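Got a protein open on your screen and not sure where to start? Let's walk through it together with some questions and answers.

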Amino acid sequence: MGKIYDTIIIGAGPAGLAAGIYAGRARLSTLIIEKGQDGGQIATTSDIENYPGQLPEGETGTSLVMRMAQQCSQFGCERAYDWVQQIEPDGSVKKVVGANAVYEGKTVIIASGAYPRPIGCEGEAEFRGRGVSYCATCDANFFRGLEVFVVGGGDAAVEEAVFLTRFARSVTVIHRRNELRAARSIQEKAFANEKLHFLWDSVVTSLAGDGVLQKITVKNVKTGEETVLEAEEKDGMFGLFGFIGTVPNTEVFAGTGIETDENGYILTDEEMRTSVPGVFAAGDVRRKSLRQVITAAADGAVAAVQAEKYLS
Ligand code: NAP
């Protein structure tokens, strides 16, 4: 077994990177483990306009996160690219078991984030990557000039729908109620956009097509009436983006004694302490009322400071 770190941070989104900056500055030996691209969900967010100090235009999730990662390396954080499979969190030295190696730390900060919740309709898996997407930044360009649908009514759905109008011929938001959950400022932008339309009180029940998405069946939840939307022949296909919230990345922590709520989000106190001593959680992975870059970063800072206190 190699080095025993003061703290191991699982996840390099805004929460994990903020924890890294604070832990590194506190001179804790710090390892950040990430399984993919830095940034988590923010890496696939088109515009960031509500992080304090940010100008309304010009910053993407990726550019913000790259600077955060650079700060971590300036403060001496080590990095590992690995997929965490399991953790053994009890005792004074905790084990984090990755697909490639086992890491040891005196504290662990879980910042593993969350992933997009599936729409839950028939054919969703079959048409993923063939019309169905959960990331407008990644895939908008494939739908240039086409008709696109967005499922959801929260900040993510409406903001990304507005972004998609830069590419698509028309964008229709399909929402299960007749009013949006999104913030007023986001709604105002959406209602002022001539390319954006709304299908209220509706859910997507099934998808079909010949190799690519060509038919979307939508059900009105009030009347029960089903309508089949068909892609125009000249287009050949539709785009369908799902933004209906998130599911926490906590499966691998099941059975470790780290308490979660009924939806799998990790329970912490205000100091980001979980039910297991020396294990902290930060960002979207924990139960909280506001999931934003700013609250994720704040959680990460608190978790790192508390990890330092725990160690001393
Ligand atoms: P969210 O706020 O939880 O909204 C999810 C939306 O999907 C809601 O409109 C919900 O409908 C709908 N929905 C949920 N389950 C559904 C289902 N099974 N079928 C159809 N519709 C369903 O999620 P989010 O928009 O992804 O945002 C997550 C967090 O990130 C929030 O805290 C949000 O504020 C934050 N965020 C912020 C920004 C920003 O500030 N710029 C941008 C993106 C995300 P109901 O309304 O009927 O419940």
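**Strands, a ligand and a helix**

Q: Which residue in E14 is the bridge partner of Thr217?
A: Keep in mind that this is a predicted model. To find the partner, go to E14, which covers 226-230. There, Thr217 is matched with Val228.

Q: Over how many bridges do E13 and E14 pair?
A: The Thr217 and Val228 pair belongs to this part of the model. E13 and E14 pair in the antiparallel sense, and the number of bridges is five.

Q: Which residue in E13 stands opposite Ser202?
A: E12 takes in residues 202-208, and E13 takes in residues 215-220. These two strands pair in the antiparallel sense over six bridges. Opposite Ser202, in E13, you'll find Asn220.

Q: Which residue takes a positive phi in the hairpin of E12 and E13?
A: Look at the stretch between the two strands, which has six residues. The phi in question is near 85°, and the residue that takes it is Gly211.

Q: Which strands are the edge strands of the open sheet?
A: The sheet has three strands in the order E12-E13-E14, with antiparallel pairing. An edge strand here pairs on one side only. From one strand to the next, the twist averages 25°. The edge strands are E12 and E14.

Q: How many charged residues are in the shell around the ligand?
A: Let's move to the ligand, which 16 residues surround. The closest are Asn50, Asp155, Arg177, Arg181 and Gln292. Sorted by class, the shell has three nonpolar and seven polar residues, and the charged ones number six.

Q: What percentage of the area that the ligand exposes alone does the protein bury?
A: Start with some polar contacts: an oxygen atom of the ligand is 2.7 Å from an N or O atom in the side chain of Asp155, and a ligand oxygen atom is 3.0 Å from a polar backbone atom of Gly153. Glu159 has a polar side-chain atom 3.0 Å from a nitrogen atom of the ligand. Taken alone, the ligand exposes 910 Å², and the share of this that the protein buries is 76%.

Q: Is Ile21 buried or exposed?
A: You'll find Ile21 in helix H1, residues 14-25. Its relative accessibility is 11%, and the cut-off for buried is under 20%. So Ile21 counts as buried.

Q: What distance separates the C-alpha atoms of Ile21 and Cys72?
A: Along the chain, Ile21 and Cys72 are 51 residues apart. In the 3D model, their C-alpha atoms are separated by 4.8 Å.

Methods: Residues are numbered from 1 along each chain as its sequence is written. This is a predicted model: local features need pLDDT of at least 70, side-chain atom pairs count only at pLDDT 80 or more; totals for chains, interfaces and linings use all residues. Side-chain values use heavy atoms; hydrogens and water are left out. Two strands pair if DSSP finds at least two bridges between them. Helices (H or I, at least four residues) and strands (E, at least two) are DSSP runs, numbered from the N terminus. A residue is near a molecule or strand if one of its heavy atoms lies within 4 Å of it. A polar contact is a pair of N or O atoms within 3.5 Å; within protein, one must be able to donate a hydrogen and the other to accept it, and residues adjacent in sequence count only if both atoms are side-chain atoms. Accessible areas come from the Shrake-Rupley method with a 1.4 Å probe; for residues, only the protein chains shown count as cover. Ala, Val, Leu, Ile, Met, Phe, Trp, Tyr, Cys and Pro count as nonpolar, Asp, Glu, Lys and Arg as charged, and the others, Gly among them, as polar. Axes are lines fitted to C-alpha atoms, for helices over the stretch in contact, and angles run from 0 to 180 degrees between N-to-C directions. Buried means under 20% relative accessible area, exposed over 50%, partly exposed in between (1.4 Å probe, protein chains only).
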